[in-house]
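Hi everyone, thanks for coming along. I'd like to walk you through one model today, so let's bring it up on the screen.

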Amino acid sequence: MAGLNGELVFAALGGVGEIGMNLSIYGLGDARRRSWLAVDIGVSFASEENLPGIDLILPDIRYLVEERRNLAGIVLTHAHEDHFGALLDLWPKLKVPVYATPFTAALFAAKRLGEPGAPDIPIREIALGSRFKVGPFDIELVSVAHSIPESNALILRTPHGNVLHTGDWKIDPTPVIGPPTDEAKLRALGAEGCLAMIGDSTNAVRDGRSPSESDVAKNLAELIASAPGRVAVTTFASHVSRIRAIAEAARAVDREVVVVGRAMDRVTQVARETGYLDGIADFRGIEVFGHLPPDKVVALCTGSQGEPRAALARIAEDEHPEIALSKGDRVIFSSRPIPGNEKAIGRVINGLVSQGVEVITDRTHLVHVSGHPRRGELEDMIGWVRPGTVIPVHGEALHLAEHAALARRLQRNVVVCRNGDLVRLAPGDPAIVDEVPAGRLYKDGRLLIAADARTVADRKRLSFSGIVTVALALTDKGQLAANPEVELIGIPETGADGDSMAEVAYEAAVETVESLPRPRRRDPDSVAEAVRRAVRAAVAARWGKKTHVTVQVLMV
Ligand SMILES: [Zn+2]
Ligand SMILES: [Zn+2]
């Protein structure tokens, strides 16, 4: 147990200056030896244009790997991918106990089953609202409303004082499932004393308060009741309260619910196992969709972000094997575009509209609310907990700055940090005192690669200007043993003057070899470099762009 001689420190290894890839660590002890607790271990999603071939971005945990023996465990606040998505890939490097509430544990188990060869990761289940110990850390869960069941804030009680790690939260007095945010417990923490709050900044740029899930449920019920034909609703697969609201709305007007999409199937099964769909009739198999009268069915679909392989995109292209929509049918996007996905979603909407389908989004109807606190809610939370210091996390620079400004207006001390900054929370006024290694990893196929590795930079470069490969065979006298082989990938076939680019490259290669003095021709590296420069210049002269050229010289 760390005595009062030590310190309490905090660092974000991900999730600050960005939305996604959350990973926070708390340390007790002094610089020579600290005990660590990790909170969450999430991913970010890469958009295709920025990082070709990369789907997932993970936090670089080299610091935690170094400190593995002092890492007491990982606590997951909830089952969103930006909080638990990196566990499967990174846990084998850490092999420490993982703590999660039942829904999070069950969704993780289901996800693991879906990935053959995934490591067997023992999860220790903790009850909602419970208090438990992980190494020297005394932790208490606080239930908070969010957009997935069982989101938890954590109270850490230490010899230096108490800390509130909010996780993702909002205030919703009438969530469709689960308890509302536990105001009483948070007020009690305020009375007990709270030295710092590490908190969600996602919606700190928005005034007022979030509407309730129940308001959304009411609107969805009206839109489903008033629909003349088939209805399809798309939402985030993990949004169980939304799924429940849609199921209840369907039942009220005698419509059956058909689940379309694997991610939605997985979550609804887990939600049934954990009781969050109690009282809801079983959903029907996808095969009945075509046989039910149009006014007797609601399809619950994946693909709210325009994902090209998800159910809704295939329906929009009229390429789904079982589900077809037509004029008079209604599609409701019970979601909001995650920044970067607007174009893909636009394609899906246009596909549906071209088929005569009516599309309803949150631009015109209250069919979605965010799971994060707006300014009014942040003010309430700070009022209840009265933290000495506020440390904004879970946001891009603008969100962090707005959260910080709000906290300062409420007379709180504020520390704005970046990923990797080590913040001493106590003793003394919280401040950044050091730095620990932090960064990002890319998941490339089955491999994890460093974000600064050449791989992705090369891939981007090739996508702009292609590649020319030249293979030459030279005799020991330095003469060409055969015609060079030239291959062009991603380069226009003919140049501005109508020349074949392949011939341009070929001739540049031959002329260069023949013009080199004989002694130099016996040095393969020297030949390769001269040919590379010449081919690159010749192609650039006709194209106006510099390409990548590789030359192989073989001495025969
Ligand atoms: Zn979340
Ligand atoms: Zn989050």
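Read along the sequence, the donor residues of the zinc ion (ligand 1) follow the spacing H-x1-H-x65-H-x21-D. Keep in mind that this is a predicted model.

Which atoms do the coordinating? His 78 and His 146 each bind zinc (ligand 1) through NE2, His 80 does so through ND1, and Asp 168 uses OD, with distances of 2.1 to 2.3 Å. Now, the angles subtended by these four donor atoms run from 91 to 164 degrees, so the arrangement is irregular. For a tetrahedral call, all angles would have to lie between 85 and 135 degrees.

There is a neighbour too: the zinc ion (ligand 2) sits 3.5 Å from the zinc ion (ligand 1), and Asp 168 coordinates both. The chain comes together here from distant parts: His 78 belongs to the loop between strand E6 (71–75) and helix H2 (81–84), while His 146, 68 residues apart from it, is in the loop between strands E10 (137–144) and E11 (151–158).

Are these two histidines buried or exposed? His 78 is buried, at a relative accessible area of 0%, and His 146 is buried as well, at 9%.

Let's move on to the packing. The largest nonpolar core holds 71 residues, and Ile 41, Leu 64, Ile 74, Leu 87, Phe 103 and Ile 332 have the most contacts inside it. Take Ile 41: beyond its neighbours within four places in sequence, its contacts include Leu 23, Ile 74, Leu 76, His 83, Phe 84 and Leu 87. A second core is separate from that one; it has 31 residues, among them Leu 37, Phe 132, Val 134 and Cys 417.

Methods. Residues are numbered from 1 along each chain as its sequence is written. Chains are lettered from A and ligands numbered from 1 in the order in which they are written. This is a predicted model: local features need pLDDT of at least 70, side-chain atom pairs count only at pLDDT 80 or more; totals for chains, interfaces and linings use all residues. Side-chain values use heavy atoms; hydrogens and water are left out. Donors are N, O and S atoms within 2.8 Å of the metal (3.2 Å for Na, K and Ca); water is not among the atoms, so sites may look incomplete. Four donors count as tetrahedral if all angles lie between 85 and 135 degrees; four count as square planar and six as octahedral if opposite donors are over 155 degrees apart and all others between 65 and 115; anything else is irregular. Helices (H or I, at least four residues) and strands (E, at least two) are DSSP runs, numbered from the N terminus. Buried means under 20% relative accessible area, exposed over 50%, partly exposed in between (1.4 Å probe, protein chains only). A nonpolar core is a set of buried Ala, Val, Leu, Ile, Met, Phe, Trp, Tyr and Cys residues joined through side-chain atoms within 4.5 Å. Contact means heavy atoms within 4.5 Å.
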